[in-house]
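Subject: Handing over the structure

Hello,

Here is the structure I promised to pass on. Please open it beside this email and follow along.

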Amino acid sequence: MTASSDNSVQSSKSSLTRLVPLEAVLFDIDGTLCDSDPLHYYAFREMLQEIGFNGGVPITEEFFIDTVAGKHNDDIALALFPGDLQRGLKFVDDKEAMFRRMAADQLKPLNGLDKVRKWIENHGLKRAAVTNAPRANAELMISKLGLSDFFDAVIIGGECEHAKPHPDPYLKGLEALKASKDHTFVFEDSVSGIKAGVAAGMPVIGLATRNPEQLLMEAKPTFLIKDYADPKLWAALEELDKAVAR
């Protein structure tokens with residue numbers, strides 16, 4: 001471990017101890033439970049190129065991050081088809097169907113997910129999935145990852161008054177679990193998701209799965225991890241356990 005990474009482990013250690021006694025953990029799904037963004041990117045790129053979007057030039061990953069990643073489908077539809085919302089909504093519905101076909105065979109959990117799942121279960125914590133994905137996507141991904149019995153609630157941004165980056169979905173998650181924001185933290189991988197969790201008053205652990213770390217840090221996560229095997233995460237959870245013991 002380098003000196004800089006060692007320092008970041010030290011700085012993350014005490015960042016969750018104010019949550020004692022910990023009650024709950026909230027998870028985003030896309031990019032947080034699984035590395036699904038490549039499938040979304042592929043579906044958008046292929047389908048947009050097919051209809052001649054951007055003069056038939058394939059969209060870039062940068063365009064995907066700026067316009068699509070972590071955002072609600074209504075906002076994506078408006079961004080892609082500003083003059084024709086109905087066409088945009090139909091397009092994103094068709095794209096989600098393509099994503100589900102691919103995800104059924106290709107979806108894999110993020111590295112270390114099973115380890116953090118066991119830690120949460122062993123501590124008897126409440127847990128909810130909070131996502132901007134459509135419910136059909138959310139339920140498919142949770143099922144494919146073997147987490148159908150893990151989550152106590154699944155909150156869909158589109159079923160709230162406002163989707164992420166508004167705090168509404170995370171506040172609804174707390175309400176569903178009957179948990180306090182003062183005793184709950186969030187796992188998120190997108191700028192809009194981190195902003196939502198922070199606005200809801202909770203510490204957010206950001207996952208640098210695909211989105212640039214600099215962009216994620218601007219949304220003010222408590223700290224960033226590469227995946228659930230990252231030493232920074234386990235240093236913070238170990239410190240939590242010590243705080244409980246004290």
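Leaving aside its neighbours within four places in sequence, which residues is valine 116 in contact with? Phe27, Phe187, Tyr228, Leu233, Trp234 and Leu237. Before you go further, please note that this is a predicted model.

**The cores**

Valine 116 belongs to the largest nonpolar core, which has 59 residues. Val116 is also among the residues with the most contacts inside that core. The others named there are Phe27, Phe44, Phe187 and Tyr228. Apart from this core lies another one, of 21 residues. Among them are Tyr170, Ala179, Ala196 and Leu224.

Take Tyr170 from that second core. Tyrosine 170 is found in helix H8, residues 168-177. Its relative accessibility is 0%, so tyrosine 170 counts as buried. Now look for valine 130. Tyrosine 170 and valine 130 are 40 residues apart along the chain. Their C-alpha atoms are separated by 6.5 Å.

**Two helix pairs**

Start with H6 and H11. Helix H6 covers residues 113-122, and helix H11 covers residues 231-245. Their axes come within 13 Å and cross at roughly 10°. An angle under 35 degrees counts as roughly parallel. H6 and H11 are therefore roughly parallel to each other. Which residues meet here? From H6 come Lys115, Val116 and Trp119. From H11 come Leu233, Trp234, Leu237, Leu240 and Asp241. The residues of this contact divide into 6 nonpolar, no polar and 2 charged. Val116 takes part here, and three of its contacts listed at the start, Leu233, Trp234 and Leu237, are on the H11 side.

Next, H5 and H7. Helix H5 runs over residues 85-106, and helix H7 over residues 135-144. The axes come within 10 Å and cross at roughly 5°. H5 and H7 are therefore roughly parallel to each other as well. On the H5 side you will find Glu96, Phe99, Arg100, Ala103 and Ala104. They meet Ala136, Asn137, Leu140, Met141 and Lys144 in H7. This contact divides into 6 nonpolar, 1 polar and 3 charged residues.

Stay in H5 for a moment. Glutamine 106 lies in this helix. Is glutamine 106 buried, partly exposed or exposed? It counts as partly exposed, because its relative accessibility is 46%. Glutamine 106 and proline 134 are 28 residues apart along the chain. Their C-alpha atoms are separated by 19 Å.

**Two buried loop residues**

Serine 190 is found in the loop between strand S4 (184-188) and helix H9 (191-199). At 4% relative accessibility, it counts as buried. Its side chain reaches the backbone nitrogen of glycine 193 at 3.0 Å. Leaving aside neighbours within four places in sequence, serine 190 is in contact with Ala69, Gly70, Asn211 and Leu216.

Asparagine 132 is found in the loop between strand S2 (126-131) and H7. Its relative accessibility is 8%, so asparagine 132 counts as buried. What does its side chain reach at 3.1 Å? The backbone nitrogen of lysine 164. Not counting residues up to four places away in sequence, asparagine 132 touches Gly70, Lys71, His72, Gly157, Ala163 and Lys164. Gly70 is in contact with serine 190 and with asparagine 132.

**Backbone points to check**

Lysine 164 comes up again here. The peptide bond from lysine 164 to proline 165 is cis, with omega near 15°. Proline 165 lies in the loop between strand S3 (153-156) and H8. The peptide bond from valine 20 to proline 21 is cis too, with omega near 0°. You will find proline 21 in the loop between helix H1 (3-13) and strand S1 (24-27).

Then look at two lysines. Lysine 178 has phi near 55°, a positive value in a residue other than glycine. Its place is in the loop between H8 and S4. At 70% relative accessibility, lysine 178 counts as exposed. Lysine 220 has a positive phi of about 70°, although it is not a glycine. Lysine 220 sits in the loop between helix H10 (213-218) and strand S6 (223-225). Its relative accessibility is 61%, so lysine 220 counts as exposed.

Best wishes

Technical notes: Residues are numbered from 1 along each chain as its sequence is written. This is a predicted model: local features need pLDDT of at least 70, side-chain atom pairs count only at pLDDT 80 or more; totals for chains, interfaces and linings use all residues. Side-chain values use heavy atoms; hydrogens and water are left out. Axes are lines fitted to C-alpha atoms, for helices over the stretch in contact, and angles run from 0 to 180 degrees between N-to-C directions. Helices (H or I, at least four residues) and strands (E, at least two) are DSSP runs, numbered from the N terminus. Angles under 35 degrees count as roughly parallel, over 145 as roughly antiparallel, 65 to 115 as roughly perpendicular and the rest as oblique. Contact means heavy atoms within 4.5 Å. Ala, Val, Leu, Ile, Met, Phe, Trp, Tyr, Cys and Pro count as nonpolar, Asp, Glu, Lys and Arg as charged, and the others, Gly among them, as polar. A nonpolar core is a set of buried Ala, Val, Leu, Ile, Met, Phe, Trp, Tyr and Cys residues joined through side-chain atoms within 4.5 Å. Buried means under 20% relative accessible area, exposed over 50%, partly exposed in between (1.4 Å probe, protein chains only). A polar contact is a pair of N or O atoms within 3.5 Å; within protein, one must be able to donate a hydrogen and the other to accept it, and residues adjacent in sequence count only if both atoms are side-chain atoms.
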